[in-house]
Amino acid sequence: MILLRDTFCEKGIFGTLRSDDDQRLFYTLERAYLRPDGEYKPKIPSGAYQCERGVHRLSHGSAFETFEVQGVYGHWGLLFHAGNRNEDSNGCILIGETRISNVMIGRSRVAFLAFMDLLKNARVFSLNVVGG
């Protein structure tokens with residue numbers, strides 16, 4: 001899969017999750033971190049990563065099955081999960097069916113379930129992150 005980022009602003013890092021043949025699957029949102037140079041950046045830099053299935057827990061909820069992005073220098077626990085706004089991510093990749101301007105993504109729970117169904121037979125998958 002390809003995570004193609006297109007917008008970097010105080011409301012988040014927005015992009016699309018695409019299939020390897022470049023079809024848009026989902027909209028994405030990651031938390032935006034303001035750097036000393038005035039740029040907004042995500043925790044996950046551009047590059048190639050493996051994402052591994054596992055059971056995880058967010059600080060505010062029950063355990064659930066998802067994929068974790070492996071090998072991000074200085075970080076761990078970077079998951080794919082439901083959420084709509086910048087504040088819903090601590091560097092994780094939020095999945096949505098819609099994008100509301102550069103403010104939020106929508107229908108996230110439905111999109112997350114579809115994402116997990118798409119990968120129902122996968123233990124790992126490759127993610128190529130472009131932008132950021």
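Where does Glu10 lie? Glu10 is placed in the loop between strand 1 (2–9) and strand 2, in a model that is predicted. The legends below begin with the overall chain and then turn to individual close-up views.

**Figure 1. Overall architecture of the predicted protein chain.** The protein chain holds one helix and twelve strands. Along the sequence, these elements follow the pattern β-β-β-β-β-β-β-β-β-β-β-α-β. The chain is as compact as a globular protein of its length, because its radius of gyration of 13 Å is close to the 14 Å that the globule rule gives for 132 residues. The C-alpha trace spans about 40 × 35 × 30 Å along its principal axes. Buried residues account for 46% of the 132 in the protein chain. When contacts between residues at least 6 apart in sequence are considered, 51% of them join residues at least 24 apart. The accessible surface of the protein chain amounts to about 7,100 Å², and carbon and sulfur atoms contribute 49% of this area.

**Figure 2. Surroundings of Glu10, in the loop between strand 1 and strand 2.** Glu10 counts as exposed, because its relative accessibility is 55%, where the cut-off for exposed is over 50%. With neighbours within four places in sequence left aside, the contacts of Glu10 are Ala32, Tyr40 and Asn86. Glu10 and Ser101 are separated by 91 residues in sequence, and their C-alpha atoms are 13 Å apart in space.

**Figure 3. Strand 3 (residues 24–30) and its enclosure by the rest of the structure.** Five of the seven residues of strand 3 are buried, so this strand is largely enclosed by the rest of the structure. Strand 3 pairs with strand 2 (residues 12–18) in the antiparallel sense, over six bridges. Within this pairing, Thr28 in strand 3 is the bridge partner of Gly15. Five residues lie between the strands in the hairpin of strand 2 and strand 3, where Asp22 adopts a positive phi near 70°. Strand 3 also pairs with strand 9 (residues 93–96), again in the antiparallel sense and over three bridges. Here Leu29 stands opposite Leu94 in strand 9.

**Figure 4. Environment of Arg53 in strand 6 (residues 47–57).** Is Arg53 buried or exposed? Arg53 counts as buried, because its relative accessibility is 18% and the cut-off for buried is under 20%. A polar atom of the Arg53 side chain lies 2.8 Å from the backbone oxygen of Ala122. Apart from neighbours within four places in sequence, Arg53 is in contact with Glu65, Thr66 and Phe67, as well as with Met116, Leu119, Lys120, Asn121, Ala122 and Arg123. One of these contacts, Met116, is also among the buried residues of helix 1.

**Figure 5. Buried and exposed residues of helix 1 (residues 108–118).** The buried residues in helix 1 are Ser108, Ala111, Phe112, Phe115 and Met116. Seen down the helix axis, these buried residues fall within an arc of 135°, so they line one face of helix 1. As a general point, an α-helix has 3.6 residues a turn, so residues three or four places apart point the same way. Arg109 and Leu113, on the other side of helix 1, are exposed.

Notes
Residues are numbered from 1 along each chain as its sequence is written. This is a predicted model: local features need pLDDT of at least 70, side-chain atom pairs count only at pLDDT 80 or more; totals for chains, interfaces and linings use all residues. Side-chain values use heavy atoms; hydrogens and water are left out. Helices (H or I, at least four residues) and strands (E, at least two) are DSSP runs, numbered from the N terminus. Buried means under 20% relative accessible area, exposed over 50%, partly exposed in between (1.4 Å probe, protein chains only). A polar contact is a pair of N or O atoms within 3.5 Å; within protein, one must be able to donate a hydrogen and the other to accept it, and residues adjacent in sequence count only if both atoms are side-chain atoms. Contact means heavy atoms within 4.5 Å. Two strands pair if DSSP finds at least two bridges between them. The arc is that of the directions from the helix axis to the C-beta atoms. The radius of gyration is taken over C-alpha atoms; the globule rule is 2.2 Å times the number of residues to the power 0.38. Accessible areas come from the Shrake-Rupley method with a 1.4 Å probe; for residues, only the protein chains shown count as cover.
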